[in-house]
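Please open the model in your viewer and keep the selection tool at hand. The stops below go from one part of the chain to the next.

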Amino acid sequence: MRHANVAVFVPHIGCPHRCSFCNQWTITGKTKQPSPDDVRNAAETAVASLGEKTKEAEIAFFGGSFTAISPDYRRSLLEAAAPYVRSGQFRGIRLSTRPDAIDDAILDELCNYGVTTVELGAQSMDDAVLLKNGRGHTAEQVRTASHAILERHLCLGLQMMTGLPGDTPEGACRTARYFAELHPQEVRIYPAIVLPGTQMAEWYRSGSYQPETLEEAVALCAGLLQYFEERGIRVIRLGLHASPELEKQRLAGPWHPAFRELCEGRRWLVRMQSAFHSLPQGSYTLMVPEKFLSQIKGQKKSNLLALAQLGYQVTVKPGGSFILYGDDGSILVKENFINAGSLT
Ligand code: SF4
C-alpha cells in the first residue's frame with residue numbers, strides 16, 4: 001500500500017519552458033488544472049473506497065513543476081490536502097518538481113503543510129544532455145536541491161530518463177552512479193518516448209534523433225534496476241504509466257505496457273546465464289518461489305528459449321527456493337539465484 005497514492009495531476013503548470021521530450025497532456029491524458037475541490041474529492045473518494053489503507057498513502061501532486069507554480073494556487077492545493085495529513089487519514093503529501101525550483105523558503109512551506117516526499121525531475125546528470133534537451137537546470141542544481149531535501153528529513157525521489165538526445169547507455173549509467181551518491185530513497189526511470197508536439201518529435205522526423213529500441217531500453221533499464229536495488233534504493237517506476245492517450249499518440253520509442261515486467265525478466269535471464277555458465281549443457285529442472293515464476297520464464301518464455309539456444313533445456317517449476325536438479329534428479333546447485341550474476 002506504500003505507493004498506492006492518490007494522484008492529482010497538475011499538467012504543465014509551473015514550467016518556465018518546455019523540455020524537448022515533454023508533452024504532459026499526452027502523458028497524463030489531463031488538460032484541466034485541478035482545483036482545491038478536486039484535491040478534496042480525490043482524497044474523500046480514496047478514504048471512502050480504501051478506508052484505513054489511506055493511512056499509509058500520500059496525496060501526490062504529479063505532472064508539472066509544483067514548487068514553481070504561482071504561490072497562491074500552490075498553497076490553495078496544499079491547504080486542501082493538509083487537513084487529511086493532520087487528521088492522520090493520509091501519511092503525507094508527495095510532489096514532483098524541478099531541481100531549480102527548490103529553496104529554503106519553499107521547503108519551509110512544504111514542511112508546514114505536511115509534505116513528506118519531494119521528487120526531482122533530474123533526468124540526467126550530464127550538463128550537455130540537460131542543455132540539449134532544454135531542461136534549464138544543471139546537474140549541480142540537482143545535487144544542491146537533493147541535499148536540501150534530505151536535510152529536512154523529507155523522502156527524496158529522483159527521476160531519470162534513458163535514450164535522451166545526446167545521451168548514451170554509458171551516460172545513463174553515470175547518471176545512476178551520481179544519483180546513488182545523493183542517497184535518494186527512491187528513483188523512477190523513464191525511457192524517452194517520442195510524443196507529438198515536442199522538440200524531440202521534430203528531431204525524430206528530421207532524422208537527427210533515433211530513440212532507443214525496446215530491446216536496448218530493456219537491457220539498459222534492467223541493469224539500472226539491479227544497480228539501484230543493490231544499493232537499497234527503491235525503483236518505484238520503470239517506464240511511463242500506460243494510458244490510452246499515450247498509446248494512441250506515441251510516435252516512436254521503447255514503450256511497452258508491461259515494461260517493468262520485461263526488465264525484471266531480463267534480470268533473471270542474466271542471473272540464470274551466470275548460474276548456468278559453469279554447468280554442462282543438458283536438461284535441468286529449476287524449482288523457484290511461485291511469485292518469481294513468470295519473471296524467470298520471461299515474456300512468452302523468452303528466457304527459457306534464450307537458455308535453450310545456449311544448450312540448456314530448463315523446466316521451471318514452482319515450489320522451491322532456487323534448487324536446480326539435473327536430469328537424473330541430482331541436486332546440482334542449491335543457492336539463491338538472486339545473488340548470482342551482476343549487471344553492473
Ligand atoms: S519541467 Fe517537467 S513538466 Fe515541465 S516541461 Fe520539463 S518535463 Fe515537462
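In this predicted model, begin by selecting strand β3 (residues 92–97) together with β4, two strands that run parallel and are joined by five bridges. To find one of the pairings, pick isoleucine 93, whose bridge partner in β4 is valine 115. Now follow the chain from β3 to β4: the path leads through helix α4 (residues 104–112), and the resulting β-α-β crossover is right-handed.

Stay with β4 (residues 115–123), and colour its residues by burial: eight of the nine are buried, so the description "mostly covered" applies to this strand, given that a residue counts as buried when 20 or more other C-beta atoms lie within 10 Å of its own. Next add strand β5 (residues 155–162), which pairs with β4 in the parallel sense over six bridges; here leucine 120 has leucine 158 in β5 as its bridge partner.

Move on to the loop between α7 (169–182) and β6 (186–191), where histidine 183 is located. Its phi is near 55°, a positive value in a residue other than glycine. Histidine 183 counts as partly exposed because it has 14 C-beta neighbours inside 10 Å.

For a second residue with positive phi, select lysine 300, which is not a glycine and has a phi of about 50°. Lysine 300 lies in the loop between α12 (293–297) and α13 (302–309), and it counts as exposed because it has 9 C-beta neighbours inside 10 Å.

Finally, zoom out and colour domain 1 (6–257) and domain 2 (276–339) separately; their centres, taken over C-alpha atoms, are separated by 37 Å.

Methods: Residues numbered from 1 in each chain as written. Predicted model: local features only at pLDDT ≥ 70, side-chain atom pairs only at ≥ 80, totals over all residues. Buried ≥ 20, exposed ≤ 12 C-beta atoms within 10 Å, placed from the backbone. Helix = DSSP H or I, 4+ residues; strand = E, 2+ residues; numbered from the N terminus. Pairing = 2+ DSSP bridges. Right-handed = clockwise from strand over helix to strand, strands pointing away. Domains from an automatic or database assignment.
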